[in-house]
Amino acid sequence: MFRTHLAALAATTLLFTSAAVAQQTPAAAPPPPLIDWDKIQIKTTNLGNNTYMLEGQGGNITVAVGTDGIIMIDGQFAPLSDKIRAAIKAISPQPVKYLVNTHYHGDHTGGNENFTKDGITIVAHDNVRVRLAGGTKLGLTGATNAPRPADALPKETYFGGSFPLEVGGRKVQLTHIANAHTDGDTWIFIADANVLATGDTFNNLKRYQNIDFANGGDVRGMIRAMDTYLKASNDNTKVVPGHGPLATRADIIEFRDMLVTSRDRIGKLYDEGKTEQEVLELKPLADLDAKWATTPQQAVAHTRNVYNSFKRL
């Protein structure tokens, strides 16, 4: 189903970003600290058939150019909106008509207000609207994120299953993955370019991915997402990850293997009745941590994320 919603209050930011104390009035998504926005450059990669990947600071952007308009997937942080606009203008003079939010986190939705002012319609799974409108609490830190302003909310949302968007002959398919990175994840397939955009259900940094368990994330849903991508892709599919360079099916397989091992080892300990602290002390993912974690804190965070996935039943 597809619904058009009036804007309401909403909230988000990165899970691993230092979170400010929640405000009582709507506020724009705060950028991460210590970023010199003037030095950030937007890198454009041509994926073929008028489809592009943009990299800057935050989640990767995918752009599909039609004959009379553009579909844009994710929008990074608000301070980069002008640079993103310029990068898109260098690709095509056509206007952006739709901005798809793959999930609610601020490194993907931070520019929503700016792009709404351009007349762009924001589209997402309805749980993105709910999370942005109501504010969120982060599971690992307990920090809260303030509701986002009305202009930050998706105006058109869908629920389960898939929903197509079309602009100027370009068709993209939006599909919901339940309870993966969050409870509002959308992945997008652009068939005429053989491009798959995953949002943060997958990264190609060769690092653990945050699983936002307090907002519906679950390692089991992450694995289902990888299985879905493997069925939808072939060896020539260009995979735009949430973060990191352009990926292939081989990268997805490697990432899936890490998730399955994490689920199996920690799930076994959970079923045995081990507490979260006991599991942390056992370090059941020590071999994976050596590759997939850049710091001890990241290793701990991943173990906690997986453990808390099982509390969802």
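In the predicted model, strand β4 (residues 61-65) and strand β5 pair in the antiparallel sense, with four bridges between them. The connection from β4 to β5 is a hairpin of four residues. Within this pairing, Ala 64 has Ile 71 of β5 as its bridge partner.

Strand β5 also pairs with strand β6 (residues 96-100), here in the parallel sense and again over four bridges. Ile 73 is matched with Val 100 of β6 as its bridge partner. Helix α1 (residues 81-91) joins these two strands in a β-α-β unit, and the unit formed by β5, α1 and β6 is right-handed. Strand β5, which spans residues 70-73, is covered on both faces. Ile 70 and Met 72 are buried on one side, and Ile 71 and Ile 73 are buried on the other.

The largest nonpolar core of the model comprises 33 residues. Met 226, Tyr 229, Phe 255 and Leu 259 have the most contacts inside this core. Two or more residues are contributed to this core by each of β13 (185-190), α5 (219-232), α6 (249-271), α8 (286-292) and α9 (296-309). When residues up to four places away in sequence are not counted, Met 226 touches Thr 201, Phe 202, Ile 252, Phe 255, Arg 256 and Leu 259. Another core, of 20 residues, lies apart from the largest one. Ile 42, Leu 54, Val 65 and Val 96 are among the residues of this other core. In soluble globular proteins, nonpolar side chains tend to be buried together.

Definitions and conventions. Residues are numbered from 1 along each chain as its sequence is written. This is a predicted model: local features need pLDDT of at least 70, side-chain atom pairs count only at pLDDT 80 or more; totals for chains, interfaces and linings use all residues. Side-chain values use heavy atoms; hydrogens and water are left out. Buried means under 20% relative accessible area, exposed over 50%, partly exposed in between (1.4 Å probe, protein chains only). Two strands pair if DSSP finds at least two bridges between them. A crossover is right-handed if, with the strands pointing away from the viewer, the path from the first strand over the helix to the second runs clockwise. A nonpolar core is a set of buried Ala, Val, Leu, Ile, Met, Phe, Trp, Tyr and Cys residues joined through side-chain atoms within 4.5 Å. Contact means heavy atoms within 4.5 Å.
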